[in-house]
Amino acid sequence: VGWISIENTNIDAPVVQADDNEYYLKHDFAKNNTKYGNSFMDYRNNNKELDQNTIIYGHHMRNNMLFAQLENYMTIEGFSASPDIEFNTAYNNYKWKVYAVFVTNDVREDDNGYLFNYIVPNFHTRESFESYIAALDERKLYDTGVDITADDKILTLSTCSYEFDGARLVVVARMVRDGESEEVDVTKAVANENPRYPQKWYDVNGLSNPYRDAYRWEPNQ
């Protein structure tokens, strides 16, 4: 259904899609069984008329394969080397500017019963999308200097991370607008001094969670 490539990484590969989000975890492009799987689009997404949020998953292999090098985005230096993403489909070519990078959990038990639902293909209202952006801003490791509005479409890349068992590393980028320059001014990137993590991250690092009783965003809000 598409092809994804990120400059200054080894991410340059086809993106597939199945009827669920399980099949390509353990099958390659040719449908052979493999622990590597293949990068794949969420089964709910439409690659012809892109949804508000196009979601692509890929394994983080310890031998640096598939989406492992998304880990570069954990630092501003990594972002500066790869500030944009190219994701093309059979219908169009798209460039995306990286907006937010964050670490989250995969099960509710790791965050006091809460699961941040970043895999929403479409938001029911403009207000819901705007509140999601605010939730991203709270969690992002740094501000990339890229702006975003509820009129934009976004691309979400999701992979495993190793901060704690079940951690997920997520990179969110927004589509380059019509008539907009593809260039990103990476000098505008600024660290978030207190990004929001799941409870388990604080536990692993022996820290108190300042967000324990904070607002819990949900897609219908």
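## Close-up views of a predicted model

**View 1. Residues around the largest pocket.** The largest pocket has a lining of 21 residues, and those nearest its centre are Tyr57, Asp106, Tyr118, Ser158 and Arg168. Remember as you look that this is a predicted model. The volume of the largest pocket comes to about 460 Å³. Which strand gives the largest share of the lining? Strand 8 does, with 3 residues. Sorted by character, the lining of the largest pocket holds 9 nonpolar, 7 polar and 5 charged residues.

**View 2. The largest nonpolar core.** This core has 54 residues, and the ones that touch the most other members are Tyr73, Ile85, Tyr132 and Leu157. Try following the chain through its helices and strands: at least two core residues come from each of strand 5 (84–88), strand 6 (95–105), helix 2 (126–139), strand 8 (154–160), strand 9 (167–175) and helix 3 (199–204). Another core, of 6 residues, lies apart from the largest one, and its members include Val16, Ala18, Tyr24 and Tyr57. As a general background, nonpolar side chains in soluble globular proteins tend to be buried together.

**View 3. The surroundings of Tyr132.** Which residues is Tyr132 in contact with, once its neighbours within four places in sequence are left aside? They are Phe116, Asn117, Tyr118, Phe123, Ile154, Val172 and Trp217. Tyr118 may be familiar from View 1, where it is among the residues nearest the centre of the largest pocket.

**View 4. Ala134 and Trp217.** Ala134 is part of helix 2. Is Ala134 buried or partly exposed? It is partly exposed, because its relative accessibility is 44%, and this falls between the 20% and 50% cut-offs. Now find Trp217: the two residues are 83 residues apart in sequence, yet their C-alpha atoms are 9.2 Å apart in space.

**View 5. Lys31 and its positive phi.** Lys31 sits in the loop between strand 2 (12–15) and strand 3 (40–41). Its phi is positive, about 70 degrees, although Lys31 is not a glycine. Most residues other than glycine have a negative phi. Lys31 counts as exposed because its relative accessible area is 53%, and exposed means over 50%.

**View 6. Asn112 and its positive phi.** Look for Asn112 in the loop between strand 6 and helix 2. Asn112 is not a glycine either, and has a positive phi of about 55 degrees. With a relative accessible area of 28%, Asn112 is partly exposed.

Key: Residues are numbered from 1 along each chain as its sequence is written. This is a predicted model: local features need pLDDT of at least 70, side-chain atom pairs count only at pLDDT 80 or more; totals for chains, interfaces and linings use all residues. Side-chain values use heavy atoms; hydrogens and water are left out. A nonpolar core is a set of buried Ala, Val, Leu, Ile, Met, Phe, Trp, Tyr and Cys residues joined through side-chain atoms within 4.5 Å. Buried means under 20% relative accessible area, exposed over 50%, partly exposed in between (1.4 Å probe, protein chains only). Helices (H or I, at least four residues) and strands (E, at least two) are DSSP runs, numbered from the N terminus. Contact means heavy atoms within 4.5 Å. On a 1 Å grid over the protein atoms alone, a cavity is a set of points where a 1.4 Å probe fits but cannot get out, and a pocket is an open set with protein on both sides within 12 Å along at least five of seven lines; lining residues have an atom within 4 Å of a point. Grid points are joined across faces, edges and corners, and a volume is the space filled by probe spheres set on the points. Ala, Val, Leu, Ile, Met, Phe, Trp, Tyr, Cys and Pro count as nonpolar, Asp, Glu, Lys and Arg as charged, and the others, Gly among them, as polar.
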